[in-house]
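I opened this entry to look up how two chains meet. My notes follow the model below.

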There are 2 protein chains.
Amino acid sequence: MSSNKELGDLTLRVFTLLRQRGQTVAFAESCTAGLVSATLAEIAGASEVLDGGVVSYSNEMKREFLGVSAEILERDGAVSPRCAVAMAEGLSHRTHSDFTLSVTGLAGPGGAEPGKPVGLVYIALHDARSSVVRRFLFKGERNIIRRASVVSAFELLHCRLLDEPLCGEEA
Amino acid sequence: MSSNKELGDLTLRVFTLLRQRGQTVAFAESCTAGLVSATLAEIAGASEVLDGGVVSYSNEMKREFLGVSAEILERDGAVSPRCAVAMAEGLSHRTHSDFTLSVTGLAGPGGAEPGKPVGLVYIALHDARSSVVRRFLFKGERNIIRRASVVSAFELLHCRLLDEPLCGEEA
């Protein structure tokens with residue numbers, strides 16, 4: 001578990017890299033519910049790199065604001081690699097952001113089902129080159145899982161900005 | 001300045017009142033950038049009352065996702081009572097939430113202009129009865145202002161749920 005200072009340092013590195021390149025990011029957040037955006041916005045000057053995003057907590061929000069298909073939500077479910085990619089790509093279609101990043105997972109304590117335990121989180125990153133999605137399985141209570149998701153979201157974007165191998169399992 | 005425990009207690013009271021009534025809320029957030037939604041989502045079971053929302057950090061997001069008019073953004077500016085109301089009403093048109101709440105303000109340190117000092121925040125609350133907007137002027141650095149905005153957003157919704165007089169100045 002990274003400290004607040006470590007998360008702050010990571011966020012600042014992401015901010016600095018984006019600003020140096022004149023690039024922006026937007027977030028589509030389910031289980032983190034705005035915490036990724038809010039963490040980046042702690043930095044003075046964040047508006048230079050943060051467009052904003054969608055807190056798609058309900059499936060209705062995923063459909064209406066991100067264009068996630070009913071088929072994905074019914075067949076794969078909201079916590080799935082396909083939904084994560086559809087969220088990031090759907091947000092990209094509706095913004096001019098260089099990067100869109102989505103987070104969807106089960107923060108618990110309820111909601112687990114066979115094959116989808118509490119702590120399962122998918123994070124997708126979309127840019128002009130590609131869409132990638134990574135699978136994470138975090139341990140701990142609800143807000144530990146939500147915070148770990150925020151850290152991993154920034155780690156993923158940080159690796160992409162540096163062209164380094166991405167963290168997390170391929171999903 | 002309220003403590004984390006006080007904010008947690010307030011958020012839990014709002015959650016409990018909404019759940020008892022079977023009502024939901026969505027948030028349109030600028031300077032708080034997702035922190036209001038994320039705070040409510042700390043509560044296990046938040047999905048019963050939280051639909052989600054839009055982090056409309058850029059003016060483009062305010063236009064595209066909330067339908068705020070270019071005229072409001074140019075004439076009144078993003079930090080204005082009219083923009084706050086347009087954000088809350090725009091979100092209401094795009095969701096089935098019983099309440100929509102918007103936050104727009106100047107968290108600083110930059111961005112101040114004559115008549116719009118750092119710390120100026122407008123919060124609007126829309127429901128089937130009406131739209132109301134309140135003006136706040138918070139002191140302190142960026143993240144103190146952002147957190148105070150979160151507290152006031154929940155206070156406003158709490159007062160509305162109890163049919164009590166709303167906090168903040170009429171704007």
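I looked up the interface first: chain B and chain A bury about 2,400 Å² between them, with carbon and sulfur atoms giving 60% of that area. Buried area here is the accessible area (1.4 Å probe) that two parts lose on being put together, summed over both.

I note that this is a predicted model, in which local features need pLDDT of at least 70, side-chain atom pairs count only at pLDDT 80 or more, and totals for chains, interfaces and linings use all residues. Residues are numbered from 1 along each chain as its sequence is written, chains are lettered from A and ligands numbered from 1 in the order in which they are written, and side-chain values use heavy atoms, with hydrogens and water left out.

I then looked for salt bridges (a side-chain nitrogen of Lys or Arg within 4 Å of a carboxyl oxygen of Asp or Glu). The rule finds zero of them across the interface of chain B and chain A.

Next I listed the contact residues (heavy atoms within 4.5 Å). Chain B gives 34 residues and chain A gives 34 residues.

I turned to the symmetry, superposing the copies by least squares on the C-alpha atoms of residues with pLDDT of at least 70 in both. A turn of 180° and a shift of 0.0 Å along the axis lay chain B on chain A with an RMSD of 0.0 Å. This is the relation of a two-fold axis. Gly34(B) has the C-alpha nearest the axis in chain B, 1.9 Å from it. Both copies use the same surface, as 100% of the contact residues of chain B recur in chain A.
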